Amino acid sequence: MKKKFFNIITMMVVLVAMTSCQDTNYPGGTISSHIGIFDLRALFKGEMVTIDAEKLAGSSKLAALVVSDHKGGNLPEGLLVVQDTRRLGKLRGISIDLGDAAMNYQPGDSVIIDILGSQLLREDGILKLKNIKESQIAKVASGRPITNNVVTSKAILENPDAYESTLVIILKGGFNPIPKAGEILSGTKVLNDGFGNLNLVTNEKADFSQQSPYILGNYYGIVFGQEDGTGVSTPYLRCRSKADVLMLSSEIEVASIIITGFSSDVKGSDTNYEYLQLMATEDIDFSKTPYSVVVSNNANASTPTGAPANGWATGGMRTYKFNLTKGVARKGTFFYVGGKYQLINGGASTSLASSNWVLNYDYNENDGFDFGSKRSGLFANSGNSFGIAIFKGTTVTKDSKPVDVMNNSGGGALWEGNKGYRITNNDFYDVINPLTMEPQPFFKQGTNQLFLKYNTADVGYFVSLGGEYNLTLGRWTAARSQNNVEMTKTSTIAEIEPENATILVE
């Protein structure tokens with residue numbers, strides 16, 4: 001009986017403690033005088049809110065970092081923009097309507113703001129704090145570092161409230177449509193980073209408004225909302241000054257062949273059944289303009305071992321080369337390269353012989369063109385990485401840069417110093433680190449960490465790489481995504497050339 005009574009008392013104490021913890025956002029039950037911007041923004045439910053101590057559960061101040069800079073003349077006038085990560089490490093921002101005094105603050109200023117008596121409301125599409133005087137703001141430090149916040153346009157468009165009034169970086173941004181000769185940044189331009197389209201707004205009087213748009217660049221800027229006539233707020237980006245616009249490229253490079261899919265592990269034996277699906281972005285007569293395809297196999301048993309000293313030209317069991325010197329591929333059409341049997345999913349499956357096979361080759365009985373030992377399967381199925389690279393011409397050396405490249409998995413000895421598989425600029429990889437501007441020409445170096453994932457073995461998946469490649473811009477305006485098509489022995493060509501396959505746009 002005593003034990004039962006003790007258990008009841010203990011349970012009551014725990015429940016009381018739990019209830020007490022639910023009344024505060026801060027551990028230990030002690031109310032901080034500072035509220036996180038995350039919690040402040042959550043107070044707005046569509047109508048203006050007057051901020052008082054009760055609504056802040058005892059808090060009264062913001063401790064935040066200034067990100068606005070009015071010297072460039074491109075931010076909404078009178079807004080002091082601050083951000084913090086006080087709540088659960090989540091970065092959130094808020095705009096404060098401070099009038100001319102907003103110009104007195106610089107990025108990196110650490111400030112404490114007394115917000116009691118202010119008003120929280122959405123105005124002109126932007127959630128703001130109003131009725132705050134400069135006397136309520138104490139600057140406690142200057143020149144504090146602002147953490148780089150690299151964000152995709154897709155993330156901003158899908159969750160604008162999470163990014164509004166924060167400083168973000170859009171990497172590898174180009175304009176869609178591409179600006180005409182003589183155009184300038186002034187006005188509203190559609191910025192595309194390969195994940196979506198986000199409006200970039202530049203005031204006519206901004207100190208960089210007359211600048212010519214870059215083919216490809218990085219854009220540091222603050223996200224704001226713009227309200228339409230129906231009350232719907234759409235996010236857009238404003239760079240603060242000329243220093244926020246960094247050029248990556250001033251030239252358009254169109255990939256003449258792109259990788260659109262592959263079958264790396266058919267049902268049953270892989271010998272001479274594995275194949276690649278490619279797409280031509282222009283008319284190609286391979287007898288006049290030859291290309292080559294190289295696949296890498298980085299299973300632990302593949303030799304030579306270690307980081308590939310000769311890159312894609314390493315040969316042996318590591319890399320295998322096909323030369324494409326016959327046949328024709330028309331612009332926007334699929335064509336195939338692979339084993340001699342031309343079947344969709346291994347032995348006794350549907351024939352693909354009527355499709356455009358630029359090369360079907362007995363890789364089990366023959367060494368590769370120029371390098372690569374004969375083998376039972378082209379691709380690793382061990383969990384370690386395999387790669388696919390397209391080269392213009394039939395000469396491939398350790399220094400050759402691919403036209404397009406894709407990797408599956410990231411395991412194995414892939415890169416060390418100046419040894420590795422070279423990449424190209426595409427939707428997955430960057431020859432130059434777009435943030436630090438440092439060279440990174442190899443897979444697994446720097447930011448080149450993306451790769452596709454293995455499927456369950458011996459099922460017969462075709463990996464279809466859906467995406468959108470823009471010929472005018474010379475870039476992916478919708479990055480390739482891995483779509484796994486589970487094939488059967490009776491699957492048809494329509495299943496591996498689906499509607500969500502890679503498409504070309506102009």
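How do the residues of the lining of the largest cavity divide into nonpolar, polar and charged? They divide into six nonpolar, one polar and one charged. The legends below start with that cavity. The model shown is predicted.

**Figure 1. The largest cavity holds about 50 Å³.**
The count comes to one cavity of 30 Å³ or more. Its lining includes Gly 174, Phe 175, Ile 178 and Pro 179. Tyr 214, Ile 215, Leu 473 and Arg 475 also line the cavity.

**Figure 2. The largest pocket has a volume of about 1200 Å³.**
Its lining is made up of 47 residues. Nearest the centre lie Lys 172, Leu 216, Asn 425, Asn 426 and Asp 430. Three strands each give two or more residues to this lining: β9 (167-175), β14 (245-249) and β28 (475-486). The largest share comes from β28, with three residues. By kind, the lining has 24 nonpolar, 12 polar and 11 charged residues.

**Figure 3. The second largest pocket holds about 340 Å³ of space.**
Here 15 residues form the lining. Look for Leu 65, Gln 83, Asp 84, Thr 85 and Pro 145, which lie nearest the centre. Strands β2 (61-66) and β3 (79-84) each supply at least two lining residues. β2 gives the largest share, three residues. The lining divides into six nonpolar, six polar and three charged residues.

**Figure 4. Eight strands form an open sheet.**
Read the strands across the sheet in this order: β1-β6-β7-β4-β3-β2-β5-β8. The pairing is mixed. β1 (49-50) and β8 (137-141) stand at the edges. Each has a single partner strand, so one side of each is left without a neighbour in the sheet. Strands of a sheet pair through backbone hydrogen bonds, either parallel or antiparallel. Within this sheet, β6 (residues 119-123) and β7 (residues 126-130) run antiparallel. Five bridges join β6 to β7. One pair to find is Leu 120 and its bridge partner in β7, Leu 129.

**Figure 5. Strand β13 pairs with β11 and with β12.**
β11 (residues 197-202) and β13 (residues 233-238) run parallel, joined by two bridges. Asn 199 has Tyr 236 as its bridge partner in β13. β12 (residues 216-227) and β13 run antiparallel, and six bridges join them. On this side, Gln 226 stands opposite Thr 234 in β13. β12 and β13 form a hairpin with five residues between the strands. In this hairpin, Gly 231 takes a positive phi near 90°.

**Figure 6. The largest nonpolar core has 47 residues.**
Those with the most contacts inside the core are Ile 257, Leu 278, Phe 286, Trp 312, Phe 322, Leu 324 and Phe 335. Strand β23 (residues 386-392) gives the most to this core, with five residues. Apart from this core lies another, of 26 residues. Among them are Ile 96, Tyr 105, Ile 115 and Ile 137.

**Figure 7. Ile 257 is one of the residues with the most contacts inside the largest nonpolar core.**
Leave aside the neighbours within four places in sequence. Ile 257 is then in contact with Leu 278, Met 279, Thr 281, Ile 284 and Phe 286, among others. Its partners also include Tyr 291, Phe 335, Ile 390, Val 403 and Asp 404.

**Figure 8. Leu 324 lies in strand β19 (residues 319-324).**
Is Leu 324 buried or exposed? Leu 324 counts as buried because its relative accessible area is 0%, and the cut-off for buried is under 20%. Beyond its neighbours within four places in sequence, Leu 324 is in contact with Phe 286, Pro 290, Tyr 291, Ser 292 and Val 293, among others. Phe 335, Val 337, Val 358 and Leu 359 are also contacts of Leu 324. Pro 308 is 16 residues from Leu 324 along the chain. The C-alpha atoms of these two residues are separated by 24 Å.

**Figure 9. Thr 502 sits in a loop between α5 (493-496) and β29 (503-505).**
Thr 502 is buried, with a relative accessible area of 3%. Which residues does Thr 502 contact, leaving aside its neighbours within four places in sequence? They include Ile 258, Thr 260, Met 279, Phe 334 and Leu 465. Gly 466, Gly 467, Trp 476 and Arg 480 are also in contact with Thr 502.

Definitions and conventions:
Residues numbered from 1 in each chain as written. Predicted model: local features only at pLDDT ≥ 70, side-chain atom pairs only at ≥ 80, totals over all residues. Heavy atoms only, no water. Helix = DSSP H or I, 4+ residues; strand = E, 2+ residues; numbered from the N terminus. Buried < 20%, exposed > 50% of the residue type's maximum accessible area, 1.4 Å probe, protein only. Contact = heavy atoms within 4.5 Å. 1 Å grid on protein atoms, 1.4 Å probe; cavity = no way out; pocket = protein on both sides within 12 Å on 5 of 7 lines; lining within 4 Å. Points joined across faces, edges and corners; volume = space filled by probe spheres on them. Nonpolar A, V, L, I, M, F, W, Y, C, P; charged D, E, K, R; others polar. Pairing = 2+ DSSP bridges. Core = buried A, V, L, I, M, F, W, Y, C linked by side-chain atoms within 4.5 Å.
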